[in-house]
Each structure stands twice: as structure tokens, then as C-alpha cells.
Amino acid sequence: MSTSSLVLILVVVAVVLIAALVTGVVLTRRRRISLSQKEEGPRTGYEATSGISLAPAKPEVVEPVEHPVADRTEVDGQPGVGDDASVPRDSVKRGFVEVDLPEQASEVEEIEPTEGRLERLRGKLSKSRNAFGTSLLGLLGAGDLDEDSWQDVEDTLLIADLGAATTTEIVDTLRTKIAGSGVRTEAEAQALLRSVLVDALDPSMDRSLKALPHSGKPAVLLVVGVNGVGKTTTTGKLARVLVADGRTVLLGAADTFRAAAADQLETWGKRVGAETVRGPEGGDPASVAFDAVKRGMDSGVDTVLIDTAGRLHTKVGLMDELGKVKRVVEKQAVVDEVLLVLDATTGQNGLTQARVFAEQVDITGIVLTKLDGTAKGGIVFQVQRELGVPVKLVGLGEGPDHLAPFEPGAFVDALLG
Ligand SMILES: Nc1nc2c(ncn2[C@@H]2O[C@H](COP(=O)(O)OP(=O)(O)OP(=O)(O)O)[C@@H](O)[C@H]2O)c(=O)[nH]1
């Protein structure tokens, strides 16, 4: 190969290498991320490499708000502090001596939580448990029952005040279930008895207390019943339940017959910081109830509880009066609950009372008091069955927090456990 050919080849190779080098440098520079803003013309939207053009939403045209200097509360447009602080709009500046000091808060008592009260107070049902639960479990847990034993089961239920209809139903169900599945141990007997008794208490009934405000007005609850069953005590205990739940309550002392009743209610009220509206002794209970609801609406409380006078269900005039109390209240607010208080120790007589009251006013719930003092806790079954109205609360003692929400399961457990 001649020297000139060799030089030519070397020149070609050098040119090719230089061309490759220049191309590589240009490509590398193009791929590098540029941190400087690109000079470009006006853009109408985001141009994605996929070709989808996304444009920003049309900005809202916000009109500038006028704040004329004269309307400003701050000084020269700047907030101030201390004596220079701006004067709040619409407020009159008050001197120190004109400011009323808040009244010293009366000492409001600590209230036991309502949740789980029936479990905590189950010991109070010991009389009913001994007379009812213990003997029933003894009978059923003994294995095969002969006719005499079934008769004993029936007697036990009747003595505990379950009433003839409920007793028959429960005995029939027990017989069928025991024949079908057999009961060999006491634990099996207890489980079976529990389910039958709970069913007889109809757990599906709505036992909630309609005590919360609605339509901008307080809930109104009337507490009714014969003399001495525990109406005032229940009203006071109920106020505590509501206050413990963070509600504001006003009490209406529409028991104008018994001299001490309004005082008694007022004392309950003071203990939880609730106002009590009362009228003149011997005055018109309907008018006191009306005033209480009006005051409750004006002061914006959540609930107005009205305690009515004890009235014998046999006295027609008194029963008519109860209807009047309700009608008068209804002129300004809905009566959300009419709670009939029944004394559990009075047995069948309580049922007779309940029937008469139910005819006069629509009873929405029953409060069964003094269950702690009786072996006849079975009245709960009968009352519900007779009236078709749920037992919502039970009184289990004279203590201020001895009022429990009625729960069929917990109640039966207390009787059997
Ligand atoms: N052991 C027990 N006593 C209760 C219960 N509830 C109320 N009492 C007591 O029953 C008595 C009568 O209670 P009150 O609240 O005054 O009865 P009332 O129905 O308002 O009476 P009148 O206004 O006269 O109709 C009081 O001694 C109460 O402490 C309860 O659940 N258990």
C-alpha cells in the first residue's frame, strides 16, 4: 500500500471518529435535565408527552371586598393590643365596675354513669333472685321433670307475679324445648331458661327515652302514677341521668297537692343544677306544667320533666285533670313521653292502675320502682304484656342513682345469677 493511500485511510478514519464524537456530545447534552426555565412562547395548557392537553380550570373572578376605613374596627388598619385594642363591632365598651361577675356555681353532685347500672345494681334484685331464679334453676337442673315438678315451676312463676298468661306461655315453651333437646346439666338449664325468659320480655321493644330536643324545642316528659309510687323520686333521678349525659334539664313541679312535693323536686333539681318551675300550693297543675314548658323553651333547655300529683286511678275527676295537663302542654310543645310509674311491690293492683292510666293518657313507657324491695320481680313481664308498653326504667333503691335503664338480658341474668 502506498504512503498516500495510508494517509488517505488515516484521514477518513479521523474524520469518522471526529464526526462520531461530535454526534455523541450533542445527544448527551440534549438528554441532560435542564434546571433553567425554558424560553418559550405563551402556553394554553399542560402539554403532556402522551398528547393529552390538560388546561387549568378557569380561575374564579374574585371581586375585591371593600373595607372602608371608617368601618374598620382596627386602628389605622392595624390590630392593637391592651388599651389600643380595637373595639369589637356592635359592642358597647363596658367599664370594669359594670361587668357582672358570674354567680358562684352551686355545687353539682357527681353522678354515676348510667351505662351498666343494671349490672352494678344486680344485688338489689336479690329478693327476686332467691324466690324466683334460684328455685327455678333448682327444679329445671334436676333432670327429667315429672308433673309435680312442672306444677312447682308454674307456682314459682305465679308467685313471682308473672301472671297467668305469661306463666302458661313460659311453661309450655320450656316443656317443648326440654322434650326436644333434653337438659342434662344445670348450665344447660340456665341457658334454656335465660333464652325463654328474655324472649318473654320482648327485647325488640323500643326502650329508648325520647328525651332529646327536636324542632328547636325541648323534649317534654310527663311523669304520672298513683300516690307514693315514687314519681318525684323518679323525676329527680331522671334529671340526674340526663345531666350525666350532658343535657340541660328543667323541672316542672305540677304536683300542687302535696305541700312538700315541690320542695322535694326543687332539692333534686339543685343537686344537679336544674331549675324548677313551681306554682302556688293547691294551684292548677296544668298551668304549672304550661309555665314550665314555656320557661324551658325560653331558656333553651334540652328536656322538661314534669312531675304530676299522685292521683287515685279510681277518682274520675283527677284522671280527667291529667288529660287536661297533657292537652295544655301540647298547646306549645309535643309531649314526647308519658312515663307511668308503678310500684313493683303492689303486684296486681299496679296492673289495674296501669290500665286506667293508659285509657286516660297514652302511656309511652313504664318505670317500675321499688324492685329492690320485692320478691315479685316477675311483674315486669306482666305489665309489658298487659299494656303492650315497654318497661323503660327500673327503680332499684332510694339512692339518687338507683334508677337503671331496663335491659331484658341484664335483668334475667340478675334473676338467674
Ligand atoms: N326502695 C325504694 N324506694 C323508692 C324507690 N323509688 C322511690 N322510693 C321511695 O318511695 C317513697 C315515695 O316516693 P315519692 O317520690 O315521694 O313518691 P310520689 O309518687 O312522688 O308520691 P306522691 O307525690 O305522694 O304521689 C320515697 O320514700 C322514696 O324514697 C325505689 O326504687 N326503691
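Helices here are DSSP runs of H or I with at least four residues, strands are runs of E with at least two, and both are numbered from the N terminus. This is a predicted model, where local features need pLDDT of at least 70 and side-chain atom pairs count only at pLDDT 80 or more, while totals for chains, interfaces and linings use all residues. Residues are numbered from 1 along each chain as its sequence is written, and side-chain values use heavy atoms, with hydrogens and water left out.

**Exercise 1. Place V15, then find the nonpolar surface patch it belongs to.**

Step 1: V15 sits in helix α1, residues 3-31.
Step 2: Know what a patch is: residues with over 30% relative accessible area and no salt bridge, with nonpolar side chains (Val, Leu, Ile, Met, Phe, Trp, Tyr) joined within 5 Å and like charges within 9 Å. Areas come from the Shrake-Rupley method with a 1.4 Å probe, and for residues only the protein chains shown count as cover. A salt bridge is a side-chain nitrogen of Lys or Arg within 4 Å of a carboxyl oxygen of Asp or Glu.
Step 3: V7, V11 and V15 make up the patch, and together they offer about 250 Å² of accessible area.
Step 4: An α-helix has 3.6 residues a turn, so residues three or four places apart point the same way.

**Exercise 2. Work out how covered helix α12 is, and what follows it.**

Step 1: Get the cut-offs straight: buried is under 20% relative accessible area, exposed is over 50%, and partly exposed is in between (1.4 Å probe, protein chains only).
Step 2: Helix α12 spans residues 379-387, and seven of its nine residues are buried, so the helix is largely enclosed by the rest of the structure.
Step 3: Name the buried ones: I379, V380, F381, Q382, V383, Q384 and L387.
Step 4: Next comes G388, with a positive phi near 70 degrees.

**Exercise 3. Describe two residues that have positive phi without being glycine.**

Step 1: Take D161, whose phi is near 75 degrees. D161 lies in the loop between α4 and α5 (164-181), and it is buried at 8% relative accessible area.
Step 2: Now D202, with phi of about 45 degrees. D202 belongs to the loop between α6 (186-200) and β3 (219-224), and at 30% relative accessibility it is partly exposed.

**Exercise 4. Look at three salt bridges and say where their partners sit.**

Step 1: Recall the principle: side chains of opposite charge can pair when their charged atoms come close.
Step 2: R278 meets E266 at 2.6 Å, N to O. This pair links distant parts of the chain, with R278 in strand β5 (residues 275-278) and E266 in helix α8 (residues 261-272), 12 residues apart. R278 is partly exposed at 37%, and E266 is partly exposed at 24%.
Step 3: D298 meets K294 at 3.1 Å, N to O. Both lie in helix α9 (residues 285-299), four residues apart, about one turn of the helix. D298 is exposed at 55%, whereas K294 is partly exposed at 38%.
Step 4: K326 meets E330 at 3.1 Å, N to O. K326 is buried at 14%, whereas E330 is partly exposed at 38%.
Step 5: For the wider picture, the whole structure holds 17 salt bridges, and R117, R240 and D401 are linked in a network of them.
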